[in-house]
Protein chains: 2
Amino acid sequence: MKAQARIATAFSPAEALAARTAWLAKEDEAFRPTGTVMEVPEGREICAEGQDTDRFYKVVSGVVRVCKFLNDGRRQIEAFHVAGEIFGLELGAERLLSAETITDCSFIVYRRHSVEQQAKSDQALSRQLFQHAMRSLAQAQSHSLLLARRGAAEKVAAFLLDWIAKATEGGVLHLAMSRQDIADYLGLTIESVSRSMSQFERVGTIALAGARHVRIKNRYALEMLAA
Amino acid sequence: MKAQARIATAFSPAEALAARTAWLAKEDEAFRPTGTVMEVPEGREICAEGQDTDRFYKVVSGVVRVCKFLNDGRRQIEAFHVAGEIFGLELGAERLLSAETITDCSFIVYRRHSVEQQAKSDQALSRQLFQHAMRSLAQAQSHSLLLARRGAAEKVAAFLLDWIAKATEGGVLHLAMSRQDIADYLGLTIESVSRSMSQFERVGTIALAGARHVRIKNRYALEMLAA
DNA sequence: CGCTTAATTGATCAGGGTCAATCGTGGTGG
DNA sequence: CCACCACGATTGACCCTGATCAATTAAGCG
């Protein structure tokens with residue numbers, strides 16, 4: 001698996017550390033039950049709809065997309081996850097969502113049953129699980145708000161602002177995902193995303209250096225749009 | 001306050017019981033910390049964005065909408081809640097969402113701090129809080145999916161199907177909320193909701209007896225649309 | 001350096017938003 | 001009890017944005 005050799009090239013160790021540190025700052029203490037480290041190259045499925053929910057994951061490095069495939073062939077991306085974030089934890093016995101790597105990734109795999117068992121006697125762990133769920137909830141609600149936004153440009157602006165916090169390096173935003181991924185996250189087509197980006201560039205709000213490197217030239221303009 | 005005299009007329013006791021029973025069936029045991037019962041007439045604010053998150057609620061009877069007011073004047077409804085459901089629990093110190101009564105309601109008010117304190121030594125309670133959060137998460141994700149749906153008719157169909165489970169009586173669906181509420185929940189305009197309903201009636205999928213009484217004549221047709 | 005795939009751009013179209021008028025219903029007061 | 005009133009819902013006409021289809025350009029990779 002050649003991809004194994006270039007793990008975490010999409011995100012530098014410095015970035016991964018920064019992301020994890022930010023996460024730790026929000027938590028009193030890290031989520032630390034024992035789990036297995038796992039490395040997966042870009043573009044692979046981590047878990048799929050219909051599978052057993054006996055495991056969940058925490059990203060160590062890389063970017064993951066969590067999504068659902070609709071019967072009409074479309075794909076809706078529920079969330080992107082970066083270092084420090086937990087994903088794949090669901091209530092039912094069968095998964096409703098799939099997860100895939102967008103870049104080469106490494107993450108920790110937890111056994112759900114084992115963690116839940118441990119939580120019965122570990123108040124701190126119990127609280128962390130609750131907080132994870134509540135944070136995911138807040139994120140899902142803010143995603144709903146994003147999807148309900150009127151214009152395409154507003155959605156894209158809001159998306160860019162979200163990602164400034166997650167993957168900025170020297171004023172340049174690194175988008176780990178394709179235009180298709182962005183479109184599926186925002187409920188737009190690839191063309192609409194592209195047009196919004198081009199429009200932002202035309203009016204001097206951003207500068208594009210390749211499709212995935214975005215320099216934010218006028219953050220205020222984006223904030224006005226995203227509101 | 002005359003409305004106090006007709007509390008719970010919008011939902012019969014039988015309906016409220018059915019709803020609560022359904023909820024209990026999903027839980028091993030009921031959510032049972034102590035709280036204060038409160039009655040609020042229709043159309044009142046229960047809590048608002050920016051307020052302290054020191055309380056949360058469980059619906060005993062009636063219907064509640066949880067929503068966010070956007071800076072452009074629009075309103076996005078995050079969820080409707082019926083008997084047995086918990087709402088108003090948030091992670092941050094300040095509320096991001098408001099809650100309002102759609103019908104006359106009664107609910108139980110819990111003190112967040114007190115419940116969290118109790119959860120430290122009560123494993124079952126701790127688990128219930130987690131499960132509530134996870135269930136809310138699943139509901140928020142399914143709402144995202146709804147908002148990402150292509151057509152107006154598909155959204156309305158999915159909405160009707162959701163509500164068959166929550167408020168059906170003798171094959172007739174009672175909608176507790178206005179067209180505007182439905183529109184704000186689905187990210188549509190009132191006119192689009194109305195047109196979809198009329199269209200369903202025209203092709204014989206439903207029959208309307210007043211705007212809020214819907215007889216489902218062809219559930220399968222709705223399911224095909226909602227997919 | 002060329003090839004393959006992703007991204008951009010353009011032209012056209014359809015669905016839902018908007019504005020405006022009408023209808024119906026439930027609630028009120030005579 | 002009935003007529004009226006006010007508000008919510010429906011319907012219609014038109015417009016605008018984003019989807020679709022299609023062609024071109026750019027970029028990453030061998």
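1. In this predicted model, the side chain of Arg179(A) places a polar atom 2.7 Å from a phosphate oxygen of DNA strand C. Arg179(A) is also listed among the closest residues to DNA strand C, together with Ser194(A), Ser198(A), Ala152(B) and Ser192(B). In total, 17 residues surround this strand. Of the atoms of DNA strand C that come within 4 Å of the protein, sugar and phosphate make up 64%.

2. Chain B supplies two further polar approaches to DNA strand C. The side chain of Ser192(B) has an N or O atom 2.3 Å from a phosphate oxygen of the strand. For Glu191(B), the partner is a base nitrogen of DNA strand C, which lies 3.1 Å from an N or O atom of the side chain.

3. Which elements each supply at least two residues of the surface near DNA strand C? They are helix 6 (190-202) of chain A and helix 6 (190-202) of chain B. Helix 6 of chain A contributes the most, with 4 residues. By residue class, the surface near DNA strand C consists of 7 charged, 7 polar and 3 nonpolar residues.

4. DNA strand D is surrounded by 18 residues. The closest are Ala152(A) and Ser192(A) from chain A, and Arg179(B), Ser194(B) and Ser198(B) from chain B. Sugar or phosphate atoms form 69% of the atoms of DNA strand D within 4 Å of the protein, and bases supply the rest.

5. Three side chains can be named for their polar atoms beside phosphate oxygens of DNA strand D. For Ser194(B), the separation is 2.7 Å. For Thr189(A), an N or O atom of the side chain is 2.9 Å from a phosphate oxygen. For Arg150(B), the distance from a polar side-chain atom to a phosphate oxygen is 3.4 Å. Helix 6 of chain A and helix 6 of chain B are the elements that give two or more residues to the surface near this strand.

6. How many residues does helix 6 of chain B give to the surface near DNA strand D? The number is 4, the most from any element. The residues of the surface near DNA strand D comprise 8 charged, 7 polar and 3 nonpolar.

7. Arg179(A) belongs to the buried part of helix 5 of chain A. That helix, residues 179-186, is mostly covered, with 7 of its 8 residues buried. Besides Arg179(A), the buried residues are Asp181(A), Ile182(A), Ala183(A), Asp184(A), Tyr185(A) and Leu186(A). The cover includes strand 4 (64-69), strand 5 (75-81) and strand 11 (206-208) of chain A, as well as helix 3 (123-148), helix 4 (152-167) and helix 6 of chain A. After helix 5 of chain A comes Gly187(A), with a positive phi near 70°.

8. In chain B, the axes of helix 5 (residues 179-186) and helix 6 come within 8 Å and cross at roughly 105°. Angles of 65 to 115 degrees count as roughly perpendicular, so helix 5 of chain B is roughly perpendicular to helix 6 of chain B. From helix 5 of chain B, the contact is made by Arg179(B), Gln180(B), Ile182(B) and Ala183(B). Ile190(B), Val193(B) and Met197(B) take part from helix 6 of chain B. The residues of this contact divide into 5 nonpolar, 1 polar and 1 charged.

Technical notes
Residues numbered from 1 in each chain as written. Chains lettered and ligands numbered in written order. Predicted model: local features only at pLDDT ≥ 70, side-chain atom pairs only at ≥ 80, totals over all residues. Heavy atoms only, no water. Near = heavy atom within 4 Å. Polar contact = N/O pair within 3.5 Å; in protein donor to acceptor, adjacent residues only side chain to side chain. Nonpolar A, V, L, I, M, F, W, Y, C, P; charged D, E, K, R; others polar. Buried < 20%, exposed > 50% of the residue type's maximum accessible area, 1.4 Å probe, protein only. Contact = heavy atoms within 4.5 Å. Axes fitted to C-alpha atoms, helices over the stretch in contact; angles between N-to-C directions. Parallel < 35°, antiparallel > 145°, perpendicular 65-115°, else oblique.
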